[in-house]
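Biologist: I'd like a close look at one part of this protein: its core. Please walk me through it slowly, since I'm new to this.

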Amino acid sequence: MIEWLTQQGYDHIVEDKVSGMMAQAIFYKREMKLLSKRVTELTMTPGISFILAAHLKVGDEANSIELVFATTHLKAMPEYERMRKKEVNAITQAFESSYNNLSVPVVLVGDFNDVPLSEPI
């Protein structure tokens, strides 16, 4: 898949879990400029739960926009509902400390593992 996306004009950043398994990736068109990559571990499960963020610039110098695109994968299973809420709080704090001084949009995607009838996170 990575090879095919590369052939289609995409570049990527990847962060692996401590087990060595590829955990999260962000793919972006090669015309975009990667300004920075940031990995923020969620302290509840170090090396397993984290946020992968890419600060990207789109366009040329005269007409460009910046954005932060981030992905995460929260704990699964209904019994981890309390932990998912803690992870969301950690994500919020991480974004506030890392990107609060930037006036750019932040897009967060991922697998939030929310289940039916659980409280919104």
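Modeller: Here comes a short overview, then the core, then a few residues to look at one by one.

This is a predicted model, in which local features need pLDDT of at least 70 and side-chain atom pairs count only at pLDDT 80 or more, while totals for chains, interfaces and linings use all residues. Residues are numbered from 1 along each chain as its sequence is written, and side-chain values use heavy atoms, with hydrogens and water left out.

How sure is the predictor? The mean pLDDT (the predictor's confidence in each residue, from 0 to 100) is 84 for the protein, and 91% of its residues reach 70 or more. Where pLDDT is low, don't read the predicted coordinates in detail.

Now the parts list. You'll find two helices and six strands, in the order α-β-β-β-β-β-α-β from the N terminus. These are DSSP runs numbered from the N terminus: helices are H or I with at least four residues, strands are E with at least two. Among these elements, helix 1 (residues 2–7) has the highest mean pLDDT, 92, and helix 2 (residues 81–99) the lowest, 84.

Of the 121 residues, 29% count as buried. Buried means under 20% relative accessible area, exposed means over 50%, and partly exposed is in between (1.4 Å probe, protein chains only).

On to the core itself. A nonpolar core is a set of buried Ala, Val, Leu, Ile, Met, Phe, Trp, Tyr and Cys residues joined through side-chain atoms within 4.5 Å. The largest one here has twelve residues, including Leu 42, Ile 51, Ala 70, Ile 91, Phe 95 and Val 104. Strand 4 (50–59), strand 5 (64–73) and helix 2 each supply at least two of its residues. Helix 2 gives the most, with five. Apart from this core lies another, of six residues, among them Ile 13, Tyr 28, Ala 54 and Leu 56.

Let's zoom in on Phe 95, a member of the largest core. Leaving out residues up to four places away in sequence, Phe 95 touches Ile 51, Ala 70, Asn 100, Val 106 and Leu 108. A contact means heavy atoms within 4.5 Å.

Next, find Thr 72 in strand 5. Thr 72 counts as buried because its relative accessibility is 2%. With residues up to four places away in sequence not counted, its contacts include Leu 42, Ile 51 and Ile 91, and those three belong to the largest core. Gly 110 is another residue that Thr 72 touches.

Gly 110 itself sits in strand 6 (residues 106–111). At 40% relative accessible area, Gly 110 is partly exposed. Beyond four places in sequence, Gly 110 touches Thr 71 and Thr 72.

Finally, look at Leu 34 in strand 3 (residues 33–41). Leu 34 is partly exposed, at 29% relative accessibility. Again skipping residues up to four places away in sequence, Leu 34 touches Ile 13, Tyr 28, Ala 54, His 55 and Leu 56. Of these, Ile 13, Tyr 28, Ala 54 and Leu 56 are in that other core.
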